[in-house]
Amino acid sequence: MSQAIHGRGTGLQPDNRYAAEQRIAIDDGWAAEAVAARPRTVVQLHPAKSIISRNQSPDLRFSQSINPYQGCEHGCIYCYARPSHAYLGFSPGLDFETQIVAKPNAVELLRAELARPGYQPEPICLGSNTDCYQPLERELQLTRGLLQVLLTTRHPTYVLTKNALIERDIDLLAEMAQQGLIKVMVSVTTLDRELARQMEPRASQPLRRLQSIEALARAGVPVGVLAAPMIPALNDHELEKILQASRDAGAVSAGYVLLRLPLELASLFEDWLATHYPLKRAHVLSVLRQCRGGQDYDARFGARMRGEGVFAELLARRFRLATQRLGLAGATWALDGSRFSAAALQGQLDLF
């Protein structure tokens, strides 16, 4: 069991799975090397070679995404993106939330990619892997720059976040909404402030996210709530309350995801439970594994987001009934890509 670090999701630092050597912690009676009580965030600027990622997953509503940041200072212990930090040579543990990589040329790359001959405007999702509105965005404003390009070209866009910083860009989002170009999903995992503080320590508190939903809706921006992840015996009992509060704030659609524990995330989450909720640890993991065929994770399309078995079926039914009752079911996700034009970028492209 690791030592909790104030303001961080985990105190563990598992080895990068691609490293030539792996270390295994063994208690030999000597004092272990202590992790700094307040590890600082280190930001690295790494120019990217390309900016649009593409997928063919039937579980997702989009085939294109942009993540201007890798790693995320929000420190959410459940984040399925943690294992991806190994590709950069970092640990999926504490490194994921303290070693942040930003792509300073993201905006220029997007301009160039959208201007390529024959480009077809499929919706682009911002923040599908790591949050595009994490604290670093206040300074670098990469997400705002990307939105300006997408607005200029009239490109259909999805945004996913759990940070109230999105309110800063309501001017752009409202203009995109008027043209049918934008839909926003705000992730609300719990309404319990203490649970949120332990589980997602540097993300906006639940009430602030509801206020963001209200602000976006008031500005005419189509906004939904993503109740994710749902964790058995920890926050799943809040599902209906989250949907109700979000609808009351102005949400017009909803989604949910059952907790996913790929690769190193399984041991990180289990350690977090042992540290913060030791009496619930065995129950939470038992139900999760029942939903995953006895394993920590099932990567199959169609099963990875929802799970299988009695608990998963009950959760899906609860979600379906609640969204029907609240008028959150059946919302359309169609965006207008018919007016896309890269010609509007010509003057900007001449600058590069």
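**Notebook: strands first, then the whole chain**

I started at a single residue: Gln 70 faces Val 101, which belongs to strand 5. Worth jotting down right away that I'm working from a predicted model.

Next I looked up how the strands around that spot pair. Strand 4 runs antiparallel to strand 5 (residues 99–102), with 2 bridges between them. I then followed the sheet outwards: 3 strands make an open sheet, ordered 1-5-4, and the pairing is mixed. Which strands sit at the edges? I get strand 1 (42–45) and strand 4 (69–70), each of which pairs on one side only.

Then I zoomed out to the chain. I count 12 helices and 10 strands in the chain.

Overall size came next. I checked the radius of gyration, which is 20 Å; a compact globule of 352 residues would have a value near 20 Å, so the chain agrees with that. Along the principal axes, I find the C-alpha atoms filling a box of roughly 65 × 50 × 35 Å.

How much of the chain is buried? I get 55% of the 352 residues. For contacts, I took pairs at least 6 apart in sequence, and 81% of those join residues at least 24 apart.

Surface and charge were my last lookups. The accessible surface adds up to about 16300 Å², and carbon and sulfur atoms account for 52% of that. On the charge side, I noted 39 positive and 36 negative side chains. The centres of those two sets are 4 Å apart.

How values were computed
Residues are numbered from 1 along each chain as its sequence is written. This is a predicted model: local features need pLDDT of at least 70, side-chain atom pairs count only at pLDDT 80 or more; totals for chains, interfaces and linings use all residues. Side-chain values use heavy atoms; hydrogens and water are left out. Helices (H or I, at least four residues) and strands (E, at least two) are DSSP runs, numbered from the N terminus. The radius of gyration is taken over C-alpha atoms; the globule rule is 2.2 Å times the number of residues to the power 0.38. Buried means under 20% relative accessible area, exposed over 50%, partly exposed in between (1.4 Å probe, protein chains only). Contact means heavy atoms within 4.5 Å. Accessible areas come from the Shrake-Rupley method with a 1.4 Å probe; for residues, only the protein chains shown count as cover. Lys and Arg count as positive and Asp and Glu as negative; His and the chain ends are not counted. The place of a charge is taken as NZ of Lys, CZ of Arg, CG of Asp or CD of Glu. Two strands pair if DSSP finds at least two bridges between them.
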